[in-house]
Amino acid sequence: METFATEIAKSLLGKLGSFAVQEFRLAWGLEDDLARLEERLKAINAVLSDAEKQQSKNDRIRLWLHMLREVLYDAEDVLDEIECETLRRQVVKTTGSTSSKVRRSLGLSSNKIAFRLRMGHKIKKIIERLAEISSLKSDFNLIEQPIDCGHVLHEETEMNRSFESFSGLIGRDEDKERIINLLVAPFKVVDAHPLVLPIVGMGGLGKTSLAKSVCDAENVKSHFELKMEACVSDDFSLKQVIQKIIKSATGEGCADLNEGELIQKLEDIMKGKKYLLLLDDVWDEDARKWMLLKPLLSKGAGGSKIIVTTRIQRVAEIMGTVTAYNLSLLGQEDCLSLFYKCAFKEGQMELYPNLVGIGKEIVAKCKQVPLAVINMGAQLYGKTDEKVWESVRDSEKWEEEGDGILPALKISYQRLPTHLKRCFLYCSVFPKDYVFADLVLVQFWMAHGLILQSSNPNENLEDVALRYVRELISRCFFQDYVDKIIGAIFKMHDLMHDLASSLAQNEFSIISSQNHQISKTTRHLSVIDPDSFFHQTLPKFSNEFHHVRSIAFADSIVGPTCKTDFEKCLSEFKHLRSLELLDDSEFEAFPERIGALKHLRYIHFGKNTNIKRLPKSIFKLQNLQALLTGEGLEELPKDVSYMISLRFLFLVTKQKRLPEEGIGCLECLQALYIDGCENLENLCEDMQGLRSLRRLVIAGCDSLISLPRSIKCLTTLEELFIINCEELDLMTIEEEIEEKIQPLSLSLRIVMFEYLPATIALPEQFLQGSAESLQTFIIRDCPNIEEIPDCIGNLKKLQNLEISDCPRLSKKCRSGTGEDWPKIKHIPKIKVADDDSDEETSHAALKKKTKTDKTSCVLKRQVQVELHKQEKKTRFTNVRVLSAKIFYDS
């Protein structure tokens, strides 16, 4: 694995210049020690760039960089400890409390001199270690280069094209047709029930894309009453597979059901129905596991069928009831078509015939594997420098062992900027088939210091990190990207996950029943099997855990022994930055020991329904930047105000009202999600304290009656989403605003109101407050809103207006004929749709209107209406709203 020493050194130098450390220098008298540390870091940083270029060909340099990285990590821990102590003192100062109880509850050091001496000793030790390592650099004849410790601004990547069309389905029409014919063939009594059709092929051929395309075909969907899918991946757990099937069928997570209850629920879902099930990416060759699942899947009606995708012929033999469909390599001509579509902008091929020729040579090296072809094309998209194309074609990586996929993926990785390499590798902490949410992933990256500040003062860390996500998507390191307005979700191909895992193996370890080994260099743990982790790994390696910086539990922590061991091991993770419970656990109250993890920046309680309260000690975490509570939380105490570094809060609570002097005191908070709070009637009234808030999402709060008057004081707010709040009347905002004499000055760019049946009119003055900024306005499923406000003409920046499932409003806003059409016709992009109509119009579209066959128009209209009805029905099958899907259903 690459050391990324340069990136870590830059981060350290940034920390040394931070406000907290500068304040600490003055308060504690460690100016000289910290100045020497900074000087030593700058001296080493000057040669790091050259060292990292040479490490692949010089083992001694690589070893030197690894030694350096360990010292840099330790230095980072010391600076973070200093920062935490400074932040804790800031809390005491801000609250104005000198109470020993408050100081004790925050874990504040009582002896200033002892703390200063301890930190001074640690800093001197690090300086000595750096001096030893620095003395060795003269042996390597490294060239000093200009030091760049300042801000970075990375080039924006073009995201205008859709990668959905690059799924590898080019050239697969015949395969698709054959598989469809097998699925819709008449059911015979003598046939096995259910019929199981395996699709077999090497990784990267597009088995999953093909299978999903088959399942989505209209003649297949109409043939089956129920369609379900589950990604099985490496770990064939009966309980998890059943949970995934149920979730696919109903939208329910069922994390609180035991295996017997899950089996009964699955039987009830399938009983008497002819279903189609996709079991994707099956690896396990243990026939016993399949023999446990198969009888459960026989409860459906005759003619039910299962598609299995796998790389392993033995899996096909175990599970299949008919001859497996072996997916072949993609034809060379189809590979070329796919590559050119990925690599060239429209009309560009004809301008660069030399690149077309080089591209043909690159495609030949991909050995007819679609994933390799797509990836190579994506790396070269928009690039017209012949030397760049030649460097890809002539890369030495092609000579490494492989079938065309891994060499291609390694070349893609090699061409990534360093900041994107680190972000990509850190994704290997999460299990295969994990659904990433962009807004959550960026918080995880930020917790580990992977995001460097932009030179643009208007762009914060979250903006930069979201740009990193878009860059990785554009280069095909992520796939299945879906932009849901409120946030984007995507996955990582399992081969990409394999690549990240192999490159990060020195620092990242996966703990499972097959592997429970960690090393002294392990800093990130992904625990697939908690029982194996606690019973086999802990006794042997517990003294090494103080190095670990992140841990993600991908499976439930259940049983009294596991719970006890988990509580004990928390004390070992002294420098933990992120903690995730991706699955449910039996905790009703999380262990109090979490308060000792002063370096924690990110906590994700995942789908946890059992944790009723947060431990009191959690409010000692002054470094915490992101907190995602579980679904079972009963209340959020006002002590949350002590978490002064919090930037991201996703909250589910059973409270009727949020406490004052709690959330409203979080001056650093950038994003607030209040979701699924069915009892919540009122928010806190002191929201004016959220001086940095840029995104506010209120969703699934059925009892919410009104919004606080302080919402008009959120002058930094850029995005507002209010979704699925049955009792909320938006006009309560207007009543509060009338008290204010001066006109509002807001910064909203996006506003979305969805399913607000109690709202009869839109808040005109509130919208008018964003006349200079509002760009997108979306109104959905608000049946009682009758007219568009007059202020719509004053919204100078408004580019997009969408109105759907609002029958009265839609009628008034119909193109040309609606009473309110004159108010909105100036807006560049307008979409007006309801159950009876689906109209999209824009200036460009209106100009291009031509005569169309009347019959085809009628048919198209009927199809659109039917699809819209289905979409609306699907949207309300699950009580959980869109924001919950992004953060929990993944």
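What share of the contacts in the protein with a separation of 6 or more comes from residues 24 or more positions apart? The figure is 70%. Keep in mind that this is a predicted model. The protein has 890 residues, 55% of which count as buried, and its secondary structure comes to 31 helices and 23 strands. Here's a quick tour of a helix pair, some salt bridges, some aromatic rings and two backbone oddities.

**Helix packing: H19 and H21**

- Two packed helices are described by the angle between their axes and the distance between the axes.
- For helix H19 (residues 418–426) and helix H21 (residues 461–474), the angle is about 85° and the axes sit 10 Å apart.
- An angle of 65 to 115 degrees counts as roughly perpendicular, and H19 and H21 are therefore roughly perpendicular to each other.
- On the H19 side, the residues that meet H21 are His419, Leu420, Cys423 and Phe424; on the H21 side, they are Tyr468, Glu471 and Leu472.
- Sorted by character, the residues of this contact split into 5 nonpolar, 1 polar and 1 charged.

**Salt bridges**

- Side chains of opposite charge can pair when their charged atoms come close.
- With a side-chain nitrogen of Lys or Arg within 4 Å of a carboxyl oxygen of Asp or Glu as the cut-off, the count is 50 salt bridges.
- Take Glu507 and Arg69: their closest N and O atoms are 2.9 Å apart.
- That pair links distant parts of the chain, 438 residues apart. Glu507 is in the loop between helix H22 (494–503) and strand E9 (508–511), while Arg69 belongs to helix H4 (residues 59–95).
- Buried means under 20% relative accessible area, so Glu507, with 1%, is buried, and Arg69, also with 1%, is buried.
- Lys265 and Glu252 make another salt bridge, at 3.3 Å from N to O. Lys265 lies in helix H11 (residues 259–270) and Glu252 in the loop between helix H10 (238–250) and H11, so this bridge ties together parts that are 13 residues apart in sequence.
- Both ends of that bridge are partly exposed: Lys265 has a relative accessibility of 23% and Glu252 has a relative accessible area of 36%.
- H21 turns up again in the salt bridge between Arg694 and Asp463, which has an N to O distance of 3.1 Å. Asp463 lies in H21 and Arg694 in the loop between strand E16 (671–675) and strand E17 (695–699), so the two tie together parts that are 231 residues apart in sequence.
- Arg694 is buried, at 18% relative accessible area.
- There's also a network built from salt bridges that share partners: Lys15, Glu76, Asp77, Asp80, Glu83, Arg549, Arg577 and Arg601 are joined into one.

**Aromatic rings**

- Searching the whole structure turns up 24 aromatic pairs.
- Phe339 and Trp389 make an edge-to-face pair, with 5.9 Å centre to centre and 90° between the planes.
- Phe339 is in helix H14 (residues 332–343) and Trp389 in helix H17 (residues 386–393), so to speak of distant parts of the chain is fair here: the two are 50 residues apart.
- Phe339 is buried at 0% relative accessibility, and Trp389 is buried with a relative accessible area of 0%.
- For Phe430 and Phe444, the ring centres are 5.0 Å apart and the planes are at 70°, so this pair is edge-to-face.
- Phe430 lies in the loop between H19 and strand E6 (436–437), and Phe444 lies in helix H20 (residues 438–447), with their positions 14 residues apart in the numbering.
- Phe430 and Phe444 are both buried.
- Phe430 and Phe444 also belong to one aromatic cluster, along with Tyr426, Tyr434, Phe436, Phe478, Tyr481, Phe490, Phe508 and Tyr602.

**Backbone: positive phi outside glycine**

- Glu661 has a phi near 55°, a positive value in a residue other than glycine. You'll find Glu661 in the loop between strand E15 (648–651) and E16.
- Asn724 also has a positive phi, near 55°, and is likewise a residue other than glycine.
- Asn724 sits in the loop between strand E18 (719–723) and helix H25 (731–737), and is buried with a relative accessible area of 11%.

Note on methods. Residues are numbered from 1 along each chain as its sequence is written. This is a predicted model: local features need pLDDT of at least 70, side-chain atom pairs count only at pLDDT 80 or more; totals for chains, interfaces and linings use all residues. Side-chain values use heavy atoms; hydrogens and water are left out. Axes are lines fitted to C-alpha atoms, for helices over the stretch in contact, and angles run from 0 to 180 degrees between N-to-C directions. Helices (H or I, at least four residues) and strands (E, at least two) are DSSP runs, numbered from the N terminus. Angles under 35 degrees count as roughly parallel, over 145 as roughly antiparallel, 65 to 115 as roughly perpendicular and the rest as oblique. Contact means heavy atoms within 4.5 Å. Ala, Val, Leu, Ile, Met, Phe, Trp, Tyr, Cys and Pro count as nonpolar, Asp, Glu, Lys and Arg as charged, and the others, Gly among them, as polar. Buried means under 20% relative accessible area, exposed over 50%, partly exposed in between (1.4 Å probe, protein chains only). Rings of Phe, Tyr and Trp (its six-membered ring) pair if their centres lie within 6.5 Å; planes under 30 degrees apart count as stacked, over 60 as edge-to-face and the rest as tilted.
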